[in-house]
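Student: Got a minute to go through a structure with me? I'd like to start with one residue and work outwards.

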Amino acid sequence: MDTEVDSDGDEIELNFSPLLVDTDYNGIWDCDERIFQNLEVNIGNQERNEVSSVSVEFECTGYINSTTSIEDLYGKDIYVSDTVGLVGVPIDINSTSAFDSAVIKFYMDSSCTLEILDNLLILWYDEENDRFVEQETTCYRKLASKNYVKAQKRDDQTGIVLFASTASVACGLTNSRADSEKMILLVSDGESIINSTTLNAAISNDIKINTVYIGGQNNNELLRSIAEQTGGQYFKAVTADELIDIYSEIIVDQRIDSTDSDGDGIPDIFEI
C-alpha cells in the first residue's frame with residue numbers, strides 16, 4: 001500500500017512532513033488525507049476566446065497541481081472541436097485524486113453577449129458510447145436573483161442591474177416611494193471591485209446591501225465587508241442546497257410565507 005503523497009515536494013506543498021506517514025496524527029495517512037484545493041488554468045486560445053479560464057475545486061487526496069490536468073482540446077480532437085454551436089473550446093479534465101464531488105467553473109470572456117450567456121449548456125462526451133450527454137447545470141446567480149425578486153411583497157419596489165465588465169439597468173424600480181426601505185442584493189462569484197465613493201453613497205443614503213457569494217468554498221472578504229458596512233447580510237452558497245438556507249434567512253428577515261407544500265425544503269414561493 002502506498003503510504004506517501006506522490007513526491008516530497010507535493011507533501012511540503014500540502015504541509016505534510018516527508019518523514020511521517022500521518023503528519024497530523026489524526027489516524028488518516030497523508031496519502032489518504034483529503035484537503036480542499038483548487039486549480040485554475042488560463043485557456044488563452046486566440047481563435048476561440050469565449051472561455052478565458054477553467055477551474056476545478058474539490059476536497060481530494062494528493063496535490064492537485066500534480067494529480068489534475070485541465071487541457072484545451074481545440075484542434076487536437078477534431079470530433080469535439082467541430083461540435084455545432086461550440087462556445088469557446090472543448091476542455092479535457094483528468095484527475096488521479098480521490099474525491100466525492102467537484103465544482104468546475106468556466107470563466108467567460110467579457111466580450112460574450114448576454115444572449116450567449118443565457119443560452120449556454122454543458123455537454124460531456126461519453127467516449128464509451130460515442131455520444132454527447134447534456135449535463136444538469138445551475139446558473140446560481142440567475143436562480144438566486146429570480147427567486148429573490150419573486151419573494152418581494154406586493155408593495156416592494158424592485159429594479160434589476162446586470163453587470164460584467166460594465167453595468168446596465170435591465171429593469172428600473174417598479175415604483176418609487178420616498179419612505180421605502182432601500183436594499184440591494186449583490187450576487188457575485190467574488191470577482192468584484194467596489195470603490196469607496198459607491199460604498200459611501202450607499203451608507204449615507206441608508207441603502208442596505210445583502211451580498212451572496214456564489215460557488216466558492218472559502219469566504220469572500222470583500223462581499224462580507226460590503227454587507228457589514230451597509231448593515232446588510234453576507235451569504236455564501238457553494239451548492240444549490242445551500243441556497244435553500246439563504247432563502248430561509250430571507251424569509252425570517254422579510255416575514256415571507258414559508259409554506260412548503262411538497263416538503264422538499266424549498267418554500268413554495270421559491271419554487272420554479
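**Around a serine, then outwards**

Tutor: Sure. Let's begin with Ser81, whose side chain reaches the backbone oxygen of Leu73 at 3.4 Å. Bear in mind that this is a predicted model.

Student: Okay, where does Ser81 lie?

Tutor: In helix H3, which covers residues 78-81.

Student: And is Ser81 buried or exposed?

Tutor: Buried: its relative accessibility is 8%, and the cut-off for buried is under 20%.

Student: What is Ser81 in contact with, if I skip the neighbours within four places in sequence?

Tutor: Leu73, Tyr74, Gly75, Lys76, Leu86 and Pro90. So Leu73 turns up both in that contact list and as the owner of the backbone oxygen that the Ser81 side chain reaches.

Student: Lys76 is in there too. Which residue does Lys76 form a salt bridge with?

Tutor: Glu71, and the closest N and O atoms are 3.3 Å apart. Lys76 counts as exposed, at 58% relative accessibility, while Glu71 is partly exposed at 33%.

Student: How many salt bridges does a search of the whole structure find?

Tutor: There are 3. Another one joins the side chains of Asp100 and Arg34, at 3.2 Å from N to O. That pair links distant parts of the chain, with the two positions 66 residues apart.

Student: Where do Asp100 and Arg34 sit?

Tutor: Both are in loops: Asp100 between strand S4 (91-95) and S5, Arg34 between helix H1 (8-13) and S1. Asp100 is exposed, with a relative accessibility of 72%. Arg34 comes out as partly exposed at 36%.

Student: And what does Arg224 form a salt bridge with?

Tutor: With Glu221, where the closest N and O atoms are 3.5 Å apart. Those two are 3 residues apart in helix H7, so about one helical turn separates them.

Student: Why does that spacing suit a pair in a helix? What's the general point about which way residues three or four places apart point?

Tutor: An α-helix has 3.6 residues a turn, so residues three or four places apart point the same way. As for exposure, Arg224 is partly exposed at 25%, and Glu221 is exposed at 52%.

Student: Let's stay with H7. Which of its residues are buried?

Tutor: Leu223, Ile226, Ala227 and Thr230, in a helix that spans residues 221-230. Looking down the axis of H7, you'd see them fall within an arc of 95 degrees, so they line one face of the helix.

Student: What's exposed on the other side of H7?

Tutor: Glu221 and Glu228.

Student: And what do the buried residues of H7 pack against?

Tutor: Four elements appear by name: strand S10 (182-188), helix H6 (196-204), strand S11 (207-214) and strand S12 (234-237).

Student: What happens at the start of H7, and just after H7?

Tutor: At the start, a side-chain oxygen of Asn220 reaches to within 3.3 Å of the backbone nitrogen of Leu222. Just after the helix, Gly231 takes a positive phi of about 80 degrees.

Student: New topic: strands. Where is Asn38 found?

Tutor: In strand S1, residues 35-42. Asn38 is partly exposed, with 45% relative accessible area.

Student: How far apart are Asn38 and Phe58 in space?

Tutor: 6.6 Å from C-alpha to C-alpha, although 20 residues separate them in sequence. Leaving out neighbours within four places, Asn38 has contacts with Val56, Glu57 and Ile64.

Student: Now the surface. Which residues make a nonpolar patch?

Tutor: Ile104, Phe106 and Ile122 make one of about 230 Å². Ile104 is in strand S5, residues 103-108, and it's partly exposed at 44%.

Student: Give me the overall numbers. How many helices and strands does the chain have?

Tutor: 8 helices and 12 strands. Of the 272 residues, 31% are buried.

Student: And what is the accessible surface of the chain?

Tutor: About 17,000 Å², with 48% of that belonging to carbon and sulfur atoms.

Student: Last one: among contacts between residues at least 6 apart in sequence, what share joins residues at least 24 apart?

Tutor: That share is 51%.

Note on methods. Residues numbered from 1 in each chain as written. Predicted model: local features only at pLDDT ≥ 70, side-chain atom pairs only at ≥ 80, totals over all residues. Heavy atoms only, no water. Buried < 20%, exposed > 50% of the residue type's maximum accessible area, 1.4 Å probe, protein only. Polar contact = N/O pair within 3.5 Å; in protein donor to acceptor, adjacent residues only side chain to side chain. Contact = heavy atoms within 4.5 Å. Patch = residues over 30% accessible without salt bridge, like charges linked within 9 Å, V, L, I, M, F, W, Y side chains within 5 Å. Areas by Shrake-Rupley, 256 points an atom, 1.4 Å probe, with all protein chains shown as cover. Salt bridge = Lys/Arg side-chain N within 4 Å of Asp/Glu carboxyl O. Arc of directions from axis to C-beta.
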